[in-house]
Amino acid sequence: VRVERYRPALDSGLAARPYEQVFGSDAMWGARLEYAKTWPRRFGTPGLGLGAGYMSVSGHGLYLDSSGTYQRSGDDTALHLIPVSVFAMFRLDEPLRRLGLPMAPYARVDLVHVTWIATGTDQATHTGGTSGWSFGAGLALFLDDLDRTLSFEMYREMGVRHVMLTIEAGRSFIDDFGAGGFRLSSDGWSFAGGLGFSF
Amino acid sequence: MRSHSRRAAAAAVTALALAGPTSARAASLTVDDTLISIAECLDRSSQAVTLSSWDFSGSSGSTIEIYGSDTSGCATGDTSVSTAVLASDLSSSRTSYPNSGEAEITLADVLSAAGKTVSDCEGTDFRVYVCVKLLDSSGSVVATASAGIKLQLERPPAPVGVSTAVGERALWVSWSAGDAITAAPAASATYQAFASAGGQTYASSETSGTTVRLGGLENGTTYDVWVVAYSAAGNASTKSELTVGTPQHVSDFYELYTAGGGSTSGGCAQGGAAGLLSLAGVIGVLRRRARARRRVAPRREGAIS
């Protein structure tokens, strides 16, 4: 389960910078649920997974005043994104655990399809989808050692072998693989943090 | 009484334990709509008072009488209390009034019994009471159930600080609650914004907040805008000070993006929904398999992150 912060590069190549005009400097916040099948090995843990999430940003529509300058209106407008992804990941956990370190760096590559929904007050809702890929790298901190008794109970009662706190940085290239479209590539690096459960 | 359009229908219960000469059992009475506005007070003759239920908690008697009074309990024989009978000789098995075919008790009847006149409708708040008394065969009161009716005759203060923001064929109107202009103003329960131009007036929906979107207007037309507050009973304040606003065409993000040259081609909106459904299915299957494997070989590992 992860929470992420991301700003789409929708203003890329557009002189009017509509995202910035409407949403300002706000990044989008969202959450994502992911499931990965992993295969622990002595050299680390590779895995394949699926994920889906939701994120949004909202602002106010603009109107032209008598001098021809855009002004903020009272009407709301928003952009909602529903990303669905498949990913491959590798976590360097076993070698570090053998050294007694309760943490593991990891890396991942995602294939992503993002359904986008743009809304505006008193106007039609527009939807579409853009595909692309992303990569990320992060650090997983194993929380098991904080309370061994609780960790054992969680395994016995729910089958949870490890609980991990993760932080991650990444970039996404969601532009229909260079074909353009509704460009949802990240504007610079995006960041995510989450909680992982290993069964 | 008729339900008032400016507030939710009230159904208040006043439960009282009042002693009769021979017993002191708890009794209760429910009267529909126990909060009366200035307009309803002035229109007193057409405001029916409905006693939807009463309960004497097992007390037994011969007949029932209904009273109106300026005092809870509707005491009789006390010269300082104004009380009068509104209905009598009702069956002791009755639990409501009126039944089909019976004459309605009006607010005018209750106010008259309580010694109130039409001039009282423009004074300060007061209460009147409706009582149901259970009498034994000798005419003594066995039990009394009483319910109060509040006449809210104060008006809320007019809203202040009214401002407008542009909307698409609409104006966003904001305001603050007004300052008290009398010693005991009624609280502002709801507000309504109005816009007027060319002899036509438009009203927003009522809101308990301090911002509302007033739609149905014409872009490019300048409107006079004001706000009125209403008390819980529905008494309207005086108008706020006038301000003006002009609806304009508002561009949302999508319009600005496409107008600025942004492309939306490519992709497929349905792909996301299908992907979500597929994902949910795959997760379900994998979890079932993981559970089954754990029962057999608990060292195998999967992960949700």
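The exercises below, each with a worked solution, concern a predicted model.

**Exercise 1.** Describe the largest cavity by its volume and its lining.

*Solution.* Begin with the search of the whole structure, which finds 2 cavities of 30 Å³ or more. The largest cavity has a volume of about 270 Å³. Next, consider its lining: 23 residues take part, and those nearest the centre are A:Glu4, A:Arg32, A:Ser134, A:Ser172 and A:Ser190. Two or more lining residues come from each of several elements of chain A, including strand 1 (2-6), strand 4 (70-91) and strand 8 (190-198). Strand 7 of chain A gives the most, with 5 residues. Finally, sort the lining by class: 11 residues are nonpolar, 5 polar and 7 charged.

**Exercise 2.** Determine whether B:Thr106 is buried or exposed, and list its contacts.

*Solution.* First, locate B:Thr106 in strand 9 (residues 105-106) of chain B. Its relative accessibility is 13%. Buried means under 20%; B:Thr106 therefore counts as buried. Then set aside residues up to four places away in sequence: B:Thr106 touches B:Arg44, B:Ser45, B:Gln47, B:Ala48 and B:Val49.

**Exercise 3.** Classify B:Ala187 as buried or exposed, and relate it to B:Tyr230 in sequence and in space.

*Solution.* B:Ala187 lies in the loop between strand 13 (170-176) and strand 14 (190-197) of chain B. Exposed means over 50% relative accessible area; B:Ala187, at 58%, is therefore exposed. Now compare the two separations: B:Ala187 and B:Tyr230 are 43 residues apart in sequence, and their C-alpha atoms are 8.1 Å apart. Beyond its neighbours within four places in sequence, B:Ala187 is in contact with B:Pro156, B:Tyr230, B:Ser231 and B:Ala232.

Terms used: Residues numbered from 1 in each chain as written. Chains lettered and ligands numbered in written order. Predicted model: local features only at pLDDT ≥ 70, side-chain atom pairs only at ≥ 80, totals over all residues. Heavy atoms only, no water. 1 Å grid on protein atoms, 1.4 Å probe; cavity = no way out; pocket = protein on both sides within 12 Å on 5 of 7 lines; lining within 4 Å. Points joined across faces, edges and corners; volume = space filled by probe spheres on them. Helix = DSSP H or I, 4+ residues; strand = E, 2+ residues; numbered from the N terminus. Nonpolar A, V, L, I, M, F, W, Y, C, P; charged D, E, K, R; others polar. Buried < 20%, exposed > 50% of the residue type's maximum accessible area, 1.4 Å probe, protein only. Contact = heavy atoms within 4.5 Å.
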